[in-house]
Amino acid sequence: MRTMMARLFLVVFMAVAAFSCASTDARMTLGDFMGLCVSGASDDCREVCDDFAAVFVKTYPTSDQCRKACDAVQERLTREDVGRACDSSVGRAAELCAQYCDKNM
């Protein structure tokens with residue numbers, strides 16, 4: 001009986017510890033966004049991060065509307081990227097932009 005109580009206590013303790021240590025999705029700051037974006041961009045394509053960061057100047061009522069602004073920047077940059085080979089940098093920045101919207105709106 002005593003062993004069973006000890007095991008039950010251990011299971012309850014482990015469950016409480018697991019739930020208390022579970023991380024919540026923290027907000028993303030503009031500095032976080034820029035740091036991640038620039039580190040993933042090629043040297044010739046880092047200015048795409050600035051273009052996406054401009055999305056965050058405005059406050060959006062929903063993450064969906066913020067994401068649409070990210071999509072518009074991605075479409076524009078993709079059209080303008082003729083011969084510069086920044087597709088992967090634009091794609092990465094667009095993903096980070098969407099993450100920023102989801103975490104902050």
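In the predicted model, Phe 52 is in contact with a set of residues beyond its neighbours within four places in sequence, namely Phe 33, Cys 70, Val 73, Gln 74, Leu 77, Val 90, Ala 93, Ala 94 and Cys 97. Two of these partners, Phe 33 and Cys 97, recur with Phe 52 itself and Val 55 as the residues with the most contacts inside the largest nonpolar core, which comprises 25 residues. Two or more residues of this core are supplied by each of helix H2 (30–40), helix H3 (47–53), helix H4 (63–80) and helix H5 (87–104). The largest share, seven residues, is contributed by H5. In soluble globular proteins, nonpolar side chains tend to be buried together.

Helix H4 was examined in further detail. The end C-alpha atoms of H4 lie 26 Å apart, in agreement with the 26 Å that its 18 residues should span at 1.5 Å a residue. Buried positions in H4 are Cys 66, Ala 69, Cys 70, Val 73 and Leu 77. Viewed down the helix axis, these buried residues of H4 fall within an arc of 100 degrees and therefore line one face of the helix. Their packing partners are H3 and H5. Among the buried residues of H4, Cys 70, Val 73 and Leu 77 are also contacts of Phe 52. On the face of H4 turned away from the buried side, the exposed residues Lys 68 and Arg 79 are found.

At the level of the whole chain, the protein contains five helices and zero strands, giving the pattern α-α-α-α-α when read along the sequence. Of its 105 residues, 29% count as buried. The accessible surface amounts to about 7,300 Å², with 59% of this area belonging to carbon and sulfur atoms. Among contacts with a separation of 6 or more, 66% are accounted for by residues 24 or more positions apart.

Confidence was assessed from the pLDDT, which averages 82 over the protein, with 75% of the residues scoring at least 70. The pLDDT is below 50 over residues 4–23, and this stretch has zero contacts in the model beyond near neighbours in sequence.

Key
Residues numbered from 1 in each chain as written. Predicted model: local features only at pLDDT ≥ 70, side-chain atom pairs only at ≥ 80, totals over all residues. Heavy atoms only, no water. Core = buried A, V, L, I, M, F, W, Y, C linked by side-chain atoms within 4.5 Å. Buried < 20%, exposed > 50% of the residue type's maximum accessible area, 1.4 Å probe, protein only. Helix = DSSP H or I, 4+ residues; strand = E, 2+ residues; numbered from the N terminus. Contact = heavy atoms within 4.5 Å. Areas by Shrake-Rupley, 256 points an atom, 1.4 Å probe, with all protein chains shown as cover. Expected span 1.5 Å × (residues − 1). Arc of directions from axis to C-beta. pLDDT = per-residue confidence, 0-100.
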